[in-house]
Amino acid sequence: MSMLPMARAAWLVLRYAVVVPLLQLAIYLCVVMSLMLFADRLYMGLVVAVLWLYRRCRNRNQRNKGDDDNLESDDADRPMVLVQIPMFNEKQVFRLSIGAACGLWWPADKLVIQVLDDSTDAGIRSLVEAECRRWAGKGVHIRYENRSNRSGYKAGAMRDGLKKQYVKDCEFVAVFDADFQPDADFLRHTVPVLEADPAVALVQARWRFVNADECILTRMQEMSLDYHFSVEQEVGSAFHGFFSFNGTAGVWRLHALADAGGWKDRTTVEDMDLAVRASMRGWRFVYAGDVQVRNELPSSFKAYRYQQHRWSCGPPNLMRKMFWEIVANKQVSAWKKLHVLYGFFFVRKVVAHLATFLFCCVVIPVYVLVGGQDVWLPQYVPMYVAAVLTLLNAVCTPRSCHLLVFWILFENVMSIHRCKATIIGLLEASRANEWVVTEKLGGSTTSTPAAATTTMVAKKKKSSSSFLAPEIVMGLFLLYCALYDIVFGHDHFYVYLLMQSAAAFVIGFGYVGSQ
């Protein structure tokens, strides 16, 4: 019987000496990070609002004026353009991308299509090569390139492709991943922007998702990516002349690409690496949001997790490698360096992932268990700040406003993987350079938007591999905290905790995405 009072006394000592101070410190840290995110999102939201008003007034004045002068210019004056299509075992989609590239409206003698096939499957290689021969027989200048190894992955393939003799006369290079299908007039809308301003290195188009309605997973991705294109890319283009190249659906000036040092494979975000280096050389970028390129979102949760690991791990790793190089740079202003290091890298690529996981999945549940008498948690942060951040995101995809709660819960669960990947990138741990190609199925959805809102599954095969331990453990922890709050709490956090635990279980047991 004497053990119980001793254990209680030990817990009280541990609670007030260690747990409470650490939790309070974590709360302060999360509050600061949340306010940093809030300020960044609010700033970008205001900029986008100003841009919208400006363009609305400009379009009203130019409504009756033609904007297609560039489309009708003499074909003899067109520059040489290279189109690179890197791919790896893309059995389902290679015909779509090759066919779309070969259908681009551009003089045949001024266009070179380069298919960079790193496939390790001999059958797929033969299919891709046969497709290239088929288009070559129609008079298209298309080249099939296959390497004996995958050195450098995508960056290595494109770097080697630019070394070919037939590329020497090209002025610009358009890049399309294997599932991207540009409209026929893509080059006629993007290349003239580069011709008009020799200081512009890159024109980036927007992605248009052909399978957004396939399942709830693709709808969640559409909401996140719509914000990225509608806000982050727009603001970067308008105010800083800098944003991250998305790795596809863009046209580069070859001179600028070479001036920046070409493609490098030191991280899993070779596209961002090139963009930052080109920006530090003084080149500007233009985001062409009215030019859209069709592509496919990953519809299986496994493929999506691998993609998010790469996207979340690469930027912090690149920041680690380029920090002092950016600080010491003398070719750009201090304001631009501050934007790149603080706004672009630190807030959006590091703080965003850490704050979401720590605050929503660690601090709030632990706060419920420890009790609010000894720890101060500003109520406005989980309520008003989170609400504003969510509404700013919702504006970009109005058709999915009814899915906001699902999106919040889904993003919180995904923060486990993103936070882990961010730390791996910062520390350059063992998986920092892990590269897994995102699996694509090559078909657009035929389901209706209503179907996506009523089901969490498009196609499902139950197997033991569907169970995800991190999500299930997270669900159990949050469920315990919710029940504890119902019995002993007073802040009503159990409402959020019950919904978040349910979301973790749904994902953990494999009921999100098609498999």
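How many aromatic pairs does the count come to in this predicted model? The count comes to 21 aromatic pairs, and several of the views below show rings.

**View 1. The whole chain of the predicted model.** The chain holds 15 helices and seven strands. Its C-alpha trace spans about 95 × 50 × 45 Å along the principal axes. The radius of gyration is 25 Å, which agrees with the value near 24 Å that a compact globule of 515 residues would have. Of the 515 residues, 54% count as buried. Among contacts between residues at least 6 apart in sequence, 83% join residues at least 24 apart.

**View 2. Surface and charges of the chain.** About 23,300 Å² of the chain is exposed, and carbon and sulfur atoms supply 61% of that area. The chain carries 55 positive and 47 negative charges, and the mean positions of the two sets are 4 Å apart.

**View 3. The ring pair of Phe 344 and Phe 345.** A pair of aromatic rings is described by the distance of the centres and the angle of the planes. The ring centres of Phe 344 and Phe 345 lie 5.1 Å apart and the planes meet at 70°, so this pair is edge-to-face. Both Phe 344 and Phe 345 are buried.

**View 4. The ring pair of Phe 467 and Phe 509.** This aromatic pair is edge-to-face, with 5.6 Å from centre to centre and 80° between the planes. The pair links distant parts of the chain, 42 residues apart. Phe 467 sits in the loop between helix 13 (449-454) and helix 14 (469-488), whereas Phe 509 belongs to the segment after helix 15 (494-508). Phe 467 has a relative accessible area of 42%, so the residue is partly exposed. Phe 509, at 33% relative accessibility, also counts as partly exposed.

**View 5. A cluster of aromatic residues linked by ring pairs.** The members are Phe 180, Trp 207, Phe 229, Phe 242, Phe 243, Phe 245, Trp 252, Trp 263, Phe 285, Tyr 287, Phe 344 and Phe 345. Phe 344 and Phe 345 form the edge-to-face pair of View 3.

**View 6. The surroundings of Tyr 144 in strand 3.** Strand 3 covers residues 142-146. Tyr 144 has a relative accessibility of 19% and therefore counts as buried, the cut-off being under 20%. Leaving aside residues up to four places away in sequence, Tyr 144 touches Val 115, Asp 117, Arg 125, Val 128, Glu 129 and Cys 132. Ile 85 is 59 residues from Tyr 144 in sequence, and the two C-alpha atoms are 9.9 Å apart in space.

Terms used. Residues numbered from 1 in each chain as written. Predicted model: local features only at pLDDT ≥ 70, side-chain atom pairs only at ≥ 80, totals over all residues. Heavy atoms only, no water. Helix = DSSP H or I, 4+ residues; strand = E, 2+ residues; numbered from the N terminus. Rg over C-alpha atoms; globule rule 2.2 N^0.38 Å. Buried < 20%, exposed > 50% of the residue type's maximum accessible area, 1.4 Å probe, protein only. Contact = heavy atoms within 4.5 Å. Areas by Shrake-Rupley, 256 points an atom, 1.4 Å probe, with all protein chains shown as cover. Lys, Arg positive; Asp, Glu negative; His and termini not counted. Charge placed at Lys NZ, Arg CZ, Asp CG, Glu CD. Phe/Tyr/Trp six-rings, centres within 6.5 Å; stacked < 30°, edge-to-face > 60°.
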